[in-house]
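Reader: Could you walk me through this protein with me as a beginner? I would like to start with one sheet and then look at the whole chain.
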Amino acid sequence: PLFLRKRPEFQTDPFLSSTRVLYSIHNLGYPGRFGKGVIPFLGLPPEEDNMERLEFWGGISFMKSGLLYAHRTSTVSQTYAREILTRDYGCGLEGYMLRLGRHPVGILNGVDYSQWDPRRDPHIAKNYWTDSLEAKQICKADLLKTLRWTEDTEIPLIGMVARLDPQKGIDLVIEALPEILGKTKARFVILGDGNPHYEQMLQELQRRFPRQMRSRLVFDIDLAHAIEAGSDAFLMPSRYEPCGLNQMFSLRYGTVPIVRRTGGLADTVWEGDPRRMPNTHGTGFVFQEYSIPALVGKVVEAIDVYRKQPRVWQRLMENGMAQDFSWQRSAKEYERLYDEMIST
């Protein structure tokens with residue numbers, strides 16, 4: 001967007017000079033910050049180096065230039081579109097967006113169901129769907145075997161696949177796990193890599209709780225699919241989450257999500273009302289506050305439903321599997337936005 005508006009060769013091009021630009025934000029927390037020394041290499045006029053344009057906390061921000069020079073902005077969920085206009089989630093750019101009057105359009109990312117669908121997934125032990133949910137227990141037994149646990153499928157198994165980064169709530173999980181494991185006797189498997197400090201802490205938890213805790217600190221696509229299919233529930237307690245995909249994978253696999261109400265998690269997982277279950281439209285368990293008590297309480301609640309209300313749990317599974325978060329749906333929303341931009 002910056003080059004299209006400011007580089008002479010683009011301004012004089014008959015096609016590019018009239019091109020409309022949509023700037024789509026995936027994650028405002030990665031704003032493309034660089035020192036001012038890069039400005040001469042960009043072939044830009046020096047007046048771009050000011051607080052209303054590129055300048056950002058003593059350097060420059062390419063994201064800021066995108067926000068300024070694009071015709072419209074979008075981001076990857078409706079809730080995140082509202083959140084990034086606030087101090088808690090705006091990463092220092094919220095005031096700038098508000099001054100520009102740039103309220104992003106929120107369009108959820110889509111899932112590629114050709115890769116993530118338990119009916120045809122080649123990575124899992126047994127394909128299944130809503131009319132063959134008993135096959136999910138075969139996937140669970142296979143996952144337990146892979147993790148070198150006794151194949152007791154009655155014990156609730158909660159999975160997590162994530163970058164080991166504070167954004168994903170891994171610090172909260174590490175602090176909460178001893179209490180959760182002590183209260184519930186459930187099993188947890190965490191797949192991911194990232195911050196060495198978190199990797200070390202997860203390894204220590206596995207040593208402390210060998211019967212209940214497994215961590216695999218690698219990128220392993222086969223195991224990621226096996227966790228989605230073989231777990232009973234899936235944990236995503238993110239500090240913030242622009243969209244998130246794993247909760248949508250989990251819904252498709254009948255693996256009930258336990259999430260924090262933020263960003264795309266709030267837009268894709270709905271809390272079931274225990275008083276109305278199993279006649280409810282809920283698809284998972286949702287907590288609000290980013291705290292250990294909130295996380296522990298919701299996980300314990302989910303495990304209690306799993307153990308004591310199997311009909312309710314099955315309804316949550318079936319509701320989740322019925323959701324459509326395909327790219328076909330998202331693409332239609334982008335197409336409407338493109339048409340609107342072209343016609344204005």
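**A sheet, then the whole chain**

Author: An open sheet of three strands has the order 1-5-6, and its pairing is parallel; strands are DSSP runs of E with at least two residues, numbered from the N terminus, and two strands pair if DSSP finds at least two bridges between them. This is a predicted model, where local features need pLDDT of at least 70, side-chain atom pairs count only at pLDDT 80 or more, and totals for chains, interfaces and linings use all residues. Residues are numbered from 1 along each chain as its sequence is written, and side-chain values use heavy atoms, with hydrogens and water left out.

Reader: Which are the edge strands?

Author: They are strand 1 (22-25) and strand 6 (105-106), each of which pairs on one side only.

Reader: And how many bridges join strand 5 to strand 6?

Author: Strand 5, residues 72-75, is joined to the parallel strand 6 by two bridges, and serine 74 has valine 105 in strand 6 as its bridge partner.

Reader: Switching topic, how much of the protein chain is buried?

Author: Of its 344 residues, 54% are buried, meaning under 20% relative accessible area with a 1.4 Å probe, counting protein chains only.

Reader: Why does 23 Å agree with a compact globule?

Author: The radius of gyration, taken over C-alpha atoms, is 23 Å for the protein chain, and this agrees because a compact globule with 344 residues would have one near 20 Å; the globule rule is 2.2 Å times the number of residues to the power 0.38.

Reader: What box do the C-alpha atoms fill?

Author: Along the principal axes, the box is roughly 70 × 40 × 40 Å.

Notes:
Buried means under 20% relative accessible area, exposed over 50%, partly exposed in between (1.4 Å probe, protein chains only). Helices (H or I, at least four residues) and strands (E, at least two) are DSSP runs, numbered from the N terminus.
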